[in-house]
Every structure is written in structure tokens, then in C-alpha cells.
Amino acid sequence: MPDMNVRHCRYLAILFVVALWSTHCVAAMPGHPSPESSGAAFLDDRYSRTATAENTALPALLAQSSMADPASEAQNNPPEGGTRRSVKKDTEEILVQEGGVLIPKGTLILEPSINYVHIQNNRLAVKGYSIFNAILFGKFDVEKVRRNILTATLTARYGITNRLQAELFVPYVYRTEEMIIPASIVAEEGNQDASARDHGIGDIGGSINYHAFRSRGGKPDITLNLRFKSRSGRDPFGLETQTVAGREFPNELPTGTGFYGLSGGFTMVKVSDPVVFYGSLAYAWNMERDVGDVGKINPGDSIEYNLGMATALSERASLSFSFQNAFTGETTLAGEDISDSKLISASLSLGVNYRVSQKYSLFGVINIGLTDDTPDFQVQLNIPFNFNLF
């Protein structure tokens with residue numbers, strides 16, 4: 001166990017060293033300011049705002065920081081008398097959601113959100129025989145398992161400095177699960193079904209985000225991210241179960257993963273008018289745990305990346321498209337690999353942001369799963385409220 005902890009910490013350290021080394025190399029190039037010389041400038045893909053006093057949600061904040069370098073502003077905005085705005089400033093709410101734009105010192109964002117996830121798995125149930133694993137005869141039916149998860153989350157972000165931001169999120173989970181067993185499997189008239197529902201606090205977590213350097217010329221903005229997740233939600237272990245048609249089905253449902261998690265990575269943003277491109281890379285360490293009678297379980301670590309683009313539809317509305325992909329290693333139980341436990345998740349997302357006023361905006365996302373290990377679809381609505389404390 002100590003060796004495993006050291007190895008995982010080394011992976012996270014290596015990832016951050018590589019990101020820091022790359023930023024140092026870019027900063028050392030001619031014409032690029034070092035992070036120290038960038039002053040109050042910052043970038044965070046999730047929560048930036050527009051820059052005019054009449055239309056921006058954070059006019060005072062952006063007065064403290066230039067979200068784009070002068071060369072980019074000169075290209076994206078016309079000379080005196082013009083009215084064209086920077087595409088980065090018109091898509092900042094979306095970029096903040098992606099983790100690459102930071103809020104200024106003394107600024108607080110409170111963001112309630114609601115997320116709905118639907119998952120449906122079809123499991124082949126065999127009541128027959130197979131020969132050579134290829135020739136099948138007998139009866140074959142499909143069991144359906146449906147899961148619906150509704151999560152309400154309150155997220156707080158605070159600008160410690162103009163280049164350092166802290167985040168805390170507290171989720172509350174309500175979920176239902178239903179299993180349908182065909183009549184031909186249980187030898188009874190009609191299908192058999194079982195259902196359960198539960199709710200409770202989820203896994204509380206937080207993050208620290210550091211803006212390493214801002215864009216200059218052809219170089220992107222880079223933000224370093226460190227994220228932690230607790231296991232405050234109800235464990236998936238030791239829950240009450242019920243027996244339906246000879247099959248075990250949960251009577252209680254988990255509201256958490258049951259494991260602590262730590263991830264580190266970076267997010268890059270680059271403006272290419274009329275769009276903004278962004279991408280991120282992260283390594284997640286899911287910590288091993290001793291689960292009493294079950295034994296030691298290591299859920300496997302994961303590497304994930306995200307690629308996307310955003311564009312402004314108007315001074316108030318913006319649109320984004322992104323692709324997410326994650327690879328999770330095999331889960332081990334008492335040191336032995338559990339077969340077929342590797343996961344590959346992939347999804348496509350469409351996001352729309354509308355800035356209602358200078359104080360808050362609406363951000364909605366639809367996420368479509370592309371693999372069997374990904375939820376069928378997700379729908380989320382975020383409403384960030386901005387407060388300038390100092």
C-alpha cells in the first residue's frame with residue numbers, strides 16, 4: 001500500500017512538472033511575458049465574462065484583468081469607433097465551465113446546478129446451451145436495468161489572488177433503479193421487476209486552480225488544476241438487498257463512489273477568431289480501500305482529456321461543442337484483477353450560455369454517451385451568481 005501511494009503521487013507530480021516545464025519554456029521565448037510579469041491577467045475556461053460595462057456580468061472583475069493579450073485584442077476588435085467585441089470575452093462563461101479561466105482576487109461565485117443522468121443497460125440472460133463459445137441454442141432474453149440519477153450541487157469559487165482560485169462543491173443525490181426480468185427466464189407469467197430509490201449527500205470535493213501564463217502571439221493560455229474528492233456519500237458496499245426471481249437486487253442505493261480521489265492536470269485555451277479552442281488533460285488517482293469482509297479494493301486510475309470549441313452568437317449568447325474521453329484501468333480485489341473491469345468512456349457535449357444580467361447567467365449542457373461505459377445522456381443547468389467582495 002505505501003508503494004502504491006508513492007507511485008501514484010509520483011504520477012501526479014510528473015504531470016504537474018511537465019506542465020510547469022512547458023509553461024517555463026514558452027514563457028522563456030522572446031516576446032512572451034513570464035507569469036510574474038503578467039500581473040493581474042488571468043484565464044479560467046469556466047467563468048469569464050464580457051468586457052463592456054453595459055453588458056458584462058463581471059465588469060469590475062475584467063477591469064482588473066486583461067483576458068486577452070493586446071495583439072489578440074487588436075485582431076479581434078476594430079479601431080476607434082468600432083463596435084466589434086472579442087470572441088473570448090463573449091464566450092467566457094463557457095470557458096469558465098471548462099476550467100481554464102480564473103476569477104479575480106476577492107471575487108466569489110455561488111453556482112447552484114442540477115444534473116440529470118439516464119443509464120440503461122441490457123444484459124443477455126441465457127437459458128440454454130453453448131458449444132465452442134460460438135454455437136448457441138436454447139432461450140435467450142435480455143434483462144433491462146434502468147438508472148436515473150438527479151444531482152443538485154452548490155459550488156462556491158473564490159479568487160484568492162488574480163492567478164489562484166479555490167473551489168468547493170457539495171452535491172445532493174436522488175436516484176432510482178429498476179430491473180426488468182423477462183417471463184421466459186423466471187418461468188412465470190408476465191415479466192418480473194424490482195425497483196429501489198434513495199437519496200442523500202454525495203461526495204463533497206474541491207479544487208485549486210492556478211493560472212500559469214496567459215496567451216501571447218501563437219501560444220495558448222494554460223491553467224493548472226488540482227482536484228480532490230471525498231467519500232462523504234453513502235458507500236456502494238454493505239447495502240440492504242432484496243431477492244427477485246432468484247436474483248439479488250439492491251434495496252438501498254449508493255450516493256457516492258466509496259473511494260477518495262485525487263486528480264491533477266492542465267487546461268489550455270487559444271483564441272482563433274471567430275472561435276475559441278480549448279483542451280484539457282488530467283490524471284486521476286482513485287485511492288485503494290480496505291472494505292472489511294470484501295477485502296482491499298483498488299478501483300483503478302484514469303487518464304482523461306477534453307477537446308472543444310466555443311463561439312459567440314451575440315453579446316449575450318454563446319455556444320460550445322466538446323468531446324470527452326477517459327480510460328480507466330482494471331479494478332483489483334485483494335491484489336487480483338477483476339475481469340472486464342476496464343472502462344472506456346466517451347461523450348459529445350453541446351453547451352449554450354445566456355447572460356441574463358451583470359450578476360448571473362444561465363448555462364445548459366446536453367451530453368450524449370458514445371460507449372457502453374458512458375451514461376446514455378446527461379442534461380445539466382448551471383446558474384452562476386457573481387459577488388465582488390472586495
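Select F321, which is partly exposed at 43% relative accessible area; buried means under 20%, exposed over 50%, and partly exposed lies in between (1.4 Å probe, protein chains only). F321 sits in strand 16, residues 317–328. Strands are DSSP runs of E of at least two residues, numbered from the N terminus.

This is a predicted model, in which local features need pLDDT of at least 70, side-chain atom pairs count only at pLDDT 80 or more, and totals for chains, interfaces and linings use all residues. Residues are numbered from 1 along each chain as its sequence is written, and side-chain values use heavy atoms, with hydrogens and water left out.

Next, extend the selection to F277, M309, L348, L350, V352, I366, I368, L370 and V379; with F321 they make a nonpolar surface patch of about 820 Å². Patch members have over 30% relative accessible area and no salt bridge, and nonpolar side chains (Val, Leu, Ile, Met, Phe, Trp, Tyr) are joined within 5 Å. A salt bridge is a side-chain nitrogen of Lys or Arg within 4 Å of a carboxyl oxygen of Asp or Glu. Areas come from the Shrake-Rupley method with a 1.4 Å probe.

Colour strand 19 (343–355) and strand 20 (361–369): each supplies at least two residues of the patch. Strand 19 gives the largest share, 3 residues.

Move to P274, in the loop between strand 11 (261–272) and strand 12 (275–286). The peptide bond joining D273 and P274 is cis, with omega about 20°.

Finish at A334, between strand 17 (332–333) and strand 18 (336–337), in the loop. A334 is not a glycine, yet its phi is positive, about 55°. A334 counts as exposed, at 57% relative accessibility.

Definitions and conventions
Helix = DSSP H or I, 4+ residues; strand = E, 2+ residues; numbered from the N terminus. Patch = residues over 30% accessible without salt bridge, like charges linked within 9 Å, V, L, I, M, F, W, Y side chains within 5 Å.
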